[in-house]
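Please open the model in a viewer and keep the selection panel at hand. The stops below are meant to be followed in order.

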Amino acid sequence: EIQVGKFEDATVSANYCIKIAPEKPVGYTLLALAQAKQGKKEEAKQNFLKAKELGDEKAEELMQKYLK
């Protein structure tokens, strides 16, 4: 969804992931990427940080890439 520019759909999917598995980082990472692509940098930063806290080893790298 993110790759084809459907950021709203990606946001819905990410929120669903967070709802069913809040202890997993993947939903937060997906949400952060969608938010970053929409220019919602502060929200994206918070979700990248949450993903990192939950163990996403790529979150810091993605945050640096998408929130320049």
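The tour begins with confidence, proceeds through two helix pairs, and ends with individual residues.

**Confidence**

Colour the chain by pLDDT before selecting anything, since this is a predicted model. The chain average is 92, and 93% of the residues score at least 70. Of the elements of the chain, helix 3 (residues 41-53) has the highest mean pLDDT, 98, and helix 1 the lowest, 92. Where pLDDT is low, the predicted coordinates should not be read in detail.

**First pair: helix 1 and helix 2**

Select residues 7-20 for helix 1 and residues 26-37 for helix 2. At what angle do the axes of these two helices cross? The crossing angle is roughly 155 degrees, and the axes come within 8 Å. Angles over 145 degrees count as roughly antiparallel, and helix 1 and helix 2 are therefore roughly antiparallel to each other. The crossing of helix 1 past helix 2 is left-handed.

Now display the side chains at this contact. From helix 1, select Phe7, Ala10, Thr11, Ser13, Ala14, Asn15, Cys17 and Ile18. Their counterparts in helix 2 are Gly27, Tyr28, Leu30, Leu31, Ala34 and Lys37. Sorted by class, the residues of this contact comprise nine nonpolar, four polar and one charged.

**Second pair: helix 3 and helix 4**

Hide the first pair and select helix 3 together with helix 4 (residues 59-66). The axes of helix 3 and helix 4 are 8 Å apart, and the packing angle is about 165 degrees. Helix 3 and helix 4 are therefore roughly antiparallel to each other. Their crossing is left-handed. On the helix 3 side, the contact is formed by Lys45, Phe48, Leu49, Ala51 and Lys52, and on the helix 4 side by Ala59, Glu60, Leu62 and Met63. Which classes of residue make up the contact of helix 3 with helix 4? Six are nonpolar and three are charged, with no polar residues.

**Individual residues**

In the following stops, the listed contacts leave out residues up to four places away in sequence.

Select threonine 29, which belongs to helix 2. Is threonine 29 buried or exposed? With a relative accessible area of 9%, threonine 29 is buried. Threonine 29 touches Phe48, Ala51, Asp56 and Leu62.

From there, move to leucine 62 in helix 4. Leucine 62 touches Thr29, Leu33 and Phe48. To place leucine 62 relative to lysine 24, draw a distance between their C-alpha atoms: the separation is 17 Å, for 38 residues along the chain.

Next, select asparagine 47 in helix 3. The relative accessibility of asparagine 47 is 13%, so this residue counts as buried. Asparagine 47 touches Tyr28, Leu31, Ala32 and Gln35. Among these, Tyr28 and Leu31 also appear on the helix 2 side of the contact with helix 1.

The last stop is lysine 52, also in helix 3. Lysine 52 has a relative accessibility of 42% and counts as partly exposed. Lysine 52 touches Ala59 and Glu60, and both of these belong to the helix 4 side of the contact with helix 3. A C-alpha to C-alpha distance drawn from lysine 52 to valine 26 gives 9.9 Å, although 26 residues separate them in sequence.

Technical notes. Residues are numbered from 1 along each chain as its sequence is written. This is a predicted model: local features need pLDDT of at least 70, side-chain atom pairs count only at pLDDT 80 or more; totals for chains, interfaces and linings use all residues. Side-chain values use heavy atoms; hydrogens and water are left out. Axes are lines fitted to C-alpha atoms, for helices over the stretch in contact, and angles run from 0 to 180 degrees between N-to-C directions. Helices (H or I, at least four residues) and strands (E, at least two) are DSSP runs, numbered from the N terminus. Angles under 35 degrees count as roughly parallel, over 145 as roughly antiparallel, 65 to 115 as roughly perpendicular and the rest as oblique. A crossing is left-handed if the near helix is turned anticlockwise from the far one by less than a right angle, and right-handed if clockwise. Contact means heavy atoms within 4.5 Å. Ala, Val, Leu, Ile, Met, Phe, Trp, Tyr, Cys and Pro count as nonpolar, Asp, Glu, Lys and Arg as charged, and the others, Gly among them, as polar. pLDDT is the predictor's confidence in each residue, from 0 to 100. Buried means under 20% relative accessible area, exposed over 50%, partly exposed in between (1.4 Å probe, protein chains only).
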